[in-house]
Amino acid sequence: MNDTITVCGIVATEPRHLVTETGIAITSLRLASPSRRWDRQTSAWTNGPTNWYTVTAFRSLATNVNRSLSKGDRVVVTGRVRIRTWERDGRGGTSVEIDAEGMGHDLAWGISNWMRLPRHVAEATTAPGSSPRIDHETGEVHDDVPDAAHPPVDAAPDDVHPDEQPDHDDGLVAALDEPAHGHPDGGSGLDAA
């Protein structure tokens, strides 16, 4: 399925990060997207149902998500959506998964301090000591290696995504662990009809 979806929601679990044996970074988290509406009769906001998504990011996006997001953050996610039915221990349900193509803080709810990093700084496979130091208070990048070792920050055009996201092996996502398909509170998700 190649359907693209954009969802605003709340990070419901601490991001789980791993690097495969082949050096591919993967970060997964649960996203809660609650609905609210204004009730004219009570003159108050009313909570509606919450949609739950499992969001998975790969490569440099995975590394940046792991370093930038925490449980409780308001975010905007865009990516390819997959809807799966599952069955386990006599129970079944439906899970909605998003392979993230982009993710960031939702600025409707607060402010964020974005910092552009050279591509190899974000890669999980960067050799120790080969990346520049970053002053997190000023955002200044200090080169500890010769300029020839890596391209300047603006070497890649802004309109080209740093890495293509090939279709991933479902086994990689399964490595994150099975409970990712249920609610963060340990529930089973939507019950099968």
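Let's start with strand S1, residues 4-11, which runs antiparallel to strand S5, residues 74-88, with 7 bridges joining the two. Keep in mind as you look around that this is a predicted model. To find your place in that pairing, look for Cys8, which stands opposite Val76 in S5.

S1 has another partner too: S1 and strand S3, residues 25-39, pair in the antiparallel sense over 2 bridges. Here the residue to look for is Val11, which sits opposite Leu31 in S3.

Leu31 also takes us to the inside of the model. In soluble globular proteins, nonpolar side chains tend to be buried together. The largest nonpolar core here has 19 residues, and Leu31, Val55, Val77 and Met103 are the ones that touch the most other members. S1, S3, strand S4 (44-58), helix H1 (59-68), S5 and strand S6 (91-105) each give two or more residues to this core, and S6 gives the most, with 4 residues. For a feel of the surroundings, try Val77: leaving aside neighbours within four places in sequence, its contacts include Ile5, Val7, Leu31, Val55 and Met103.

Now for some empty space. The second largest pocket has a volume of about 150 Å³. Cys8 turns up again in its lining, along with Gly9, Ser33, Pro34, Arg36, Arg74, Asp106 and Trp109. S1 and S3 are the elements that give two or more residues to that lining, and S3 gives the most, with 3 residues. What mix of residues lines this second largest pocket: how many are nonpolar, polar and charged? The lining divides into 3 nonpolar, 2 polar and 3 charged residues.

Notes. Residues are numbered from 1 along each chain as its sequence is written. This is a predicted model: local features need pLDDT of at least 70, side-chain atom pairs count only at pLDDT 80 or more; totals for chains, interfaces and linings use all residues. Side-chain values use heavy atoms; hydrogens and water are left out. Two strands pair if DSSP finds at least two bridges between them. On a 1 Å grid over the protein atoms alone, a cavity is a set of points where a 1.4 Å probe fits but cannot get out, and a pocket is an open set with protein on both sides within 12 Å along at least five of seven lines; lining residues have an atom within 4 Å of a point. Grid points are joined across faces, edges and corners, and a volume is the space filled by probe spheres set on the points. Ala, Val, Leu, Ile, Met, Phe, Trp, Tyr, Cys and Pro count as nonpolar, Asp, Glu, Lys and Arg as charged, and the others, Gly among them, as polar. A nonpolar core is a set of buried Ala, Val, Leu, Ile, Met, Phe, Trp, Tyr and Cys residues joined through side-chain atoms within 4.5 Å. Buried means under 20% relative accessible area, exposed over 50%, partly exposed in between (1.4 Å probe, protein chains only). Contact means heavy atoms within 4.5 Å.
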